[in-house]
Structure formats: C-alpha cells, structure tokens
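Take the cysteines as the starting point for this report. Salt bridges and aromatic rings come after that.

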Amino acid sequence: MNKPHPQSLRYDPRELTDEELVQRAREELFHVTRAYEELMRRYQRTLFNVCARYLGNDRDADDVCQEIMLKVLYGLKNFEGKSKFKTWLYSITYNECITQYRKERRKRRLIDALSLDPQEEASEDKTPKIEERGGLDRWLAHVNPIDREILVLRFVAELEFQEIADIMHMGLSATKMRYKRALDRLREKFGTGAED
C-alpha cells in the first residue's frame, strides 16, 4: 500500500493557490484529502448560492452540491488544467444544475398533468416589486434557464464573460448579447436599473 510521503503532509492548504491545491490533490487523493477539502471550502458557499439561485430551492441545491463535490473528488485526477479550476468547477456545476432542472421540470409536468386544478400555479402570476421578495432570486424567476445561468454565473459566481462562455459552450459575443438582453428585459419588466 502506498503511503503519502510525510513531507507532503507538511503544508498549510490555506496558503496555497487553487492551482497548487489541485496539484496536491491530484498527488494525494484518495489517501489524503486536505487539498481537496480546502478547494471545496473555498467555493462551498458560492457553489451553493449558484445552485440555489439556478434551481430555486435549497433542498435541490444541497443535493446538487453533494453531486458536484463527488464529481470533483473523482474528476481531479483527470483535470488537465487547460482552464482555471474555478472555471472547471462551475462547468461541472452548470451541467449538474441543468440535469437537476430537467428532472424537476419533468416531475412538475407530471404533477400538473395529474393535478385537479392545473391553473392553480398559473394564478400566482402577479408581479411584485423586486425589493419585496428575494432581490436577484425574484428577477431570475422571470428569465429563461440559459439567461438565468448567465446572470447567476456573472453576479453570484462573479465569473468573467469569457469564463461563462467557456462553461456554457457559447461564443463570447453571444454570451454578452444574451446577458445584455436579459438585463434589458428585466429592466423593462421591473422598471428599475440593474448593474452591468
């Protein structure tokens, strides 16, 4: 059985960059998880916020975050470093959120089909002011899933447009255009200025 070299344990993961942690994790996993745990600690809150805003509820966000952390754990050995760790992580996050969103949408369609009053959900179509409930969450309920993900990655994950374009497999100009149009639609709908 291969034991990690004692010197490899003599480091403070909080002092290392993401890239250094990735390298350590690739060398140490699965015997030692210190580097991996530090990477997850750094991104845990933002990861959860991205998932919660995209999926619309904390329970699903929790489940998806667990899936993401497992995918990162098992995927780090194969991570080639062609992009930043952060970009790779949010790419996984995006894909997992899309998968969960589709599952939930199928479930909702089934529930609606079996429901005695399918208009029940539609009657909740009044438009409260953004400030009344949820800020960004309220806005996100009024845009399509792709635009929602662009806004979440920009505002919550604070990614650059090129990183968002890479994650979503879109061109840079298409990403910027969708972002601008989504903001314009929200400004129009809510009659307020959103930050660019």
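The sulfur of Cys-51 has its closest cysteine sulfur in Cys-97, 3.7 Å away. That is too far for a bond, because a disulfide needs the two sulfur atoms within 2.5 Å. Cys-97 is accordingly in no disulfide, and its nearest cysteine sulfur is that of Cys-51. The structure as a whole holds zero disulfides. Both cysteines of this pair are out of reach of the probe: Cys-51 is buried at 0% relative accessibility, and Cys-97 is buried at 0% as well. This is a predicted model, and the distances here are computed from its atoms.

**Confidence**

How high is the average pLDDT of the protein chain? The average is 80, and 77% of the residues score at least 70. Residues 116-133 fall below a pLDDT of 50. Beyond near neighbours in sequence, that stretch still has 13 contacts in the model.

**Around Thr-93**

Cys-51 also turns up in the surroundings of Thr-93. Thr-93 sits in helix 4, which covers residues 85-114. Is Thr-93 buried or exposed? Thr-93 is buried, because its relative accessible area is 0% and buried means under 20%. Outside its neighbours within four places in sequence, Thr-93 is in contact with Leu-47, Val-50, Cys-51 and Ile-68. Where does the polar side chain of Thr-93 find a partner? A polar atom of that side chain lies 2.8 Å from the backbone oxygen of Leu-89.

**Salt bridges**

The count of salt bridges comes to 12. Three of them are set out here.

| Salt bridge | N to O distance | Relative accessibility of Arg | Relative accessibility of Asp |
|---|---|---|---|
| Arg-42 and Asp-18 | 2.8 Å | Arg-42: 27% | Asp-18: 13% |
| Arg-59 and Asp-60 | 3.0 Å | Arg-59: 53% | Asp-60: 1% |
| Arg-178 and Asp-147 | 2.7 Å | Arg-178: 26% | Asp-147: 2% |

Start with Arg-42 and Asp-18, whose side chains meet in a salt bridge at 2.8 Å, N to O. The pair links distant parts of the chain. Arg-42 is in helix 2 (residues 34-55), Asp-18 is in helix 1 (residues 18-28), and they are 24 residues apart. Arg-42 counts as partly exposed, while Asp-18 counts as buried. Which residues join these two in a network of salt bridges? The network links Asp-18, Glu-38, Arg-41 and Arg-42.

Next come Arg-178 and Asp-147, with the closest N and O atoms 2.7 Å apart. This pair also links distant parts of the chain. Arg-178 belongs to helix 9 (residues 172-190) and Asp-147 to helix 7 (residues 145-155), 31 residues apart. Arg-178 is partly exposed. Asp-147 is buried.

Arg-59 and Asp-60 form a salt bridge at 3.0 Å, N to O. Why does Arg-59 count as exposed? Arg-59 has a relative accessible area of 53%, and exposed means over 50%. Asp-60, at 1%, counts as buried.

**Aromatic rings**

The count of aromatic pairs is nine. One of them joins Tyr-43 and Phe-85, with ring centres 5.8 Å apart. Their planes stand at 55 degrees, so the pair is tilted. Tyr-43 lies in helix 2 and Phe-85 in helix 4, so the pair ties together parts that are 42 residues apart in sequence. Tyr-43 and Phe-85 are both buried.

Tyr-43 also pairs with Tyr-90. What is the geometry of that aromatic pair? The pair is edge-to-face, at 6.4 Å centre to centre with 85 degrees between the planes. Again distant parts of the chain are linked: Tyr-43 in helix 2 and Tyr-90 in helix 4, 47 residues apart. Tyr-43 is buried at 12% relative accessible area, and Tyr-90 is buried at 0%.

Which aromatic cluster takes in Tyr-43? One cluster is formed by Tyr-43, Phe-79, Phe-85, Trp-88 and Tyr-90.

Definitions and conventions:
Residues numbered from 1 in each chain as written. Heavy atoms only, no water. Helix = DSSP H or I, 4+ residues; strand = E, 2+ residues; numbered from the N terminus. Buried < 20%, exposed > 50% of the residue type's maximum accessible area, 1.4 Å probe, protein only. Polar contact = N/O pair within 3.5 Å; in protein donor to acceptor, adjacent residues only side chain to side chain. Contact = heavy atoms within 4.5 Å. Salt bridge = Lys/Arg side-chain N within 4 Å of Asp/Glu carboxyl O. pLDDT = per-residue confidence, 0-100. Phe/Tyr/Trp six-rings, centres within 6.5 Å; stacked < 30°, edge-to-face > 60°.
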